[in-house]
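Please open the model in your viewer and keep the selection panel at hand. The tour below moves from one selection to the next and says what is found at each stop.

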Amino acid sequence: MIEFEILKESKISQARLGLLKTSHGIVETPCLVPVATQAVVKTLTSEEAEQTKSQILIANTFHLHLKPGEAIVKSAGGLHKFMNWPKPLMTDSGGFQVFSLGFGRDFGTGKILTPHQKLRFGTGQEEKSNYSIRKGQQPKLLKITGDGVFFTSPLNGEKIFLGPKESIKIQESLGADIIFTFDECTSPMADYDYTKKSLLKTHCWAKICLKGKKSDQALFGIVQGGKFKDLRKESARFIGSLPFDGFGIGGEFGDNKKIMVEMINWVIKELPEEKPRHLLGIGRLEDIAKIIKAGIDTFDCIVPTRYARHGAAFTSEGKLDFARMKFLKDKKPLDKKCSCFVCQNYRRNYINHLFRAGEITALKLLTFHNLYFFNNEIAKIREKIKKGKF
RNA sequence: GCUGGGAUGGCGGAGCGGUCAAUCGCAUCAGACUGUAAAUCUGACGCCUUUAUGGCUACGUAGGUUCGAAUCCUACUCCCAGCA
């Protein structure tokens, strides 16, 4: 079980300062939840992940079900022991893979359409959008049914069925502190009718998850509804009315950032104030301030970690690309304003050399720094909320 | 000195008569990445031109054969291997 204590609510925004108390420790919110899909923050040991000031991680039900299988994790004493992470953990339900291995894969889009993709595909709202996903349509490699989803394993092509009951059962075996309902994350290309039908399914699954859960883990219900205001509000009202321990806001966020913040506003008004709100899969640096101001308590995002592996360092000077040769002659620390161990001990020329030489340590150093940097930026925001300045 | 092999864009290396400004890899540059099929993907990469089914210069050097040569022939220069 968890307890959520709101320490302070901002008077100038919807932001709030809180404590999310779990049996594995307390999370100060607002807070980034780094992604540990396969029970690891890629490139880091759990000890290193802790040193980045990360307070809580999120692992993935679908991927851990495939490999190594929840039985292995359970017999190891649960996820915390398995990965030697003593702090709080979340598991995502596998609902995102309904999108990422489905329509996301088919059309090559993420959950926010880029301007280029918008031009190419339309948004699903326009009548003439040739590529919008309509009611009854199925992804190429998945079959989405009323009971759950038949996946094609990306590892070996095997058929895998995951529904609300299966997801909860797996998440109980994994043993995270906070688990999520099994949902369908919809595509930004889904039209109104598709989204509405999907929403009803997600709602039905949410009830099954709630009913099927036997453990004392905290269960968060997930709000869907895409970019459509009435559906978002309907979903928030419905999911918000159920006795969940907290709420996830998931799904697509249209084709621009303004809409994203607007959508969060629609949803949050309908959710019980006293419970924690988790925004699923959003967390670029430029988004973080906005979503916290909109009232988000926790959010997970692959940006600090994946971008690191692609050579990007987020610093007080902006985003630096360590795939570029120019840093070979740069003897400055990665970020002179950062106090992480990478910035204290290593210089840009060396990190650049390692990255360009294909050395895995470069990925570790950049991952470590990026997480530390993100966590630090968010700590500053918490400080501002405390002082009434955010 | 003789015999054999070779010289291709920043590098490595394909091509062996036309569809070749030249496969591919590396390097370089640019872009993408938001509940991780992601240490990944996309694009540019002789010069000029905003674009092209555009122009120019190119496959060691100099000639030649041919309607047409990176590709065939001759000479030269250099490199490599084996033998003296």
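Two strands are taken to pair if DSSP finds at least two bridges between them. In this predicted model, begin by selecting strand E12, residues 246-249, together with strand E13, residues 277-279, which pair in the parallel sense over three bridges. Within this pair, Phe247 stands opposite Arg277 in E13.

Next, widen the selection to the whole open sheet of eight strands, which has parallel pairing and runs in the order E4-E14-E13-E12-E11-E10-E6-E5. At its edges stand strand E4 (31-34) and E5, and because each has a single partner strand, one side of each is left without a neighbour in the sheet. Neighbouring strands of this sheet are turned against each other by 25° on average, direction ignored.

Now show RNA strand B and the 48 residues that surround it, of which the closest are Gly110, Pro154, Cys185, Gly281 and Ile302. Elements giving two or more residues to this surface include strand E5 (57-60), strand E14 (298-301), helix H12 (303-309) and H15, while the largest share, seven residues, comes from H5. Coloured by residue class, the surface near RNA strand B divides into 20 nonpolar, 15 polar and 13 charged residues.

Finally, go to Lys386, which is found in helix H15, residues 360-386. Is Lys386 buried or exposed? Lys386 is partly exposed, because 13 other C-beta atoms lie within 10 Å, and a residue counts as exposed at 12 or fewer and as buried at 20 or more. Leaving aside neighbours within four places in sequence, Lys386 is in contact with Lys8 and Leu17; Leu7, 379 residues apart from Lys386 in sequence, is 8.6 Å apart from Lys386 in space, C-alpha to C-alpha.

Notes
Residues numbered from 1 in each chain as written. Chains lettered and ligands numbered in written order. Predicted model: local features only at pLDDT ≥ 70, side-chain atom pairs only at ≥ 80, totals over all residues. Helix = DSSP H or I, 4+ residues; strand = E, 2+ residues; numbered from the N terminus. Contact = placed C-beta atoms within 7 Å. Near = placed C-beta within 6 Å. Nonpolar A, V, L, I, M, F, W, Y, C, P; charged D, E, K, R; others polar. Axes fitted to C-alpha atoms, helices over the stretch in contact; angles between N-to-C directions.
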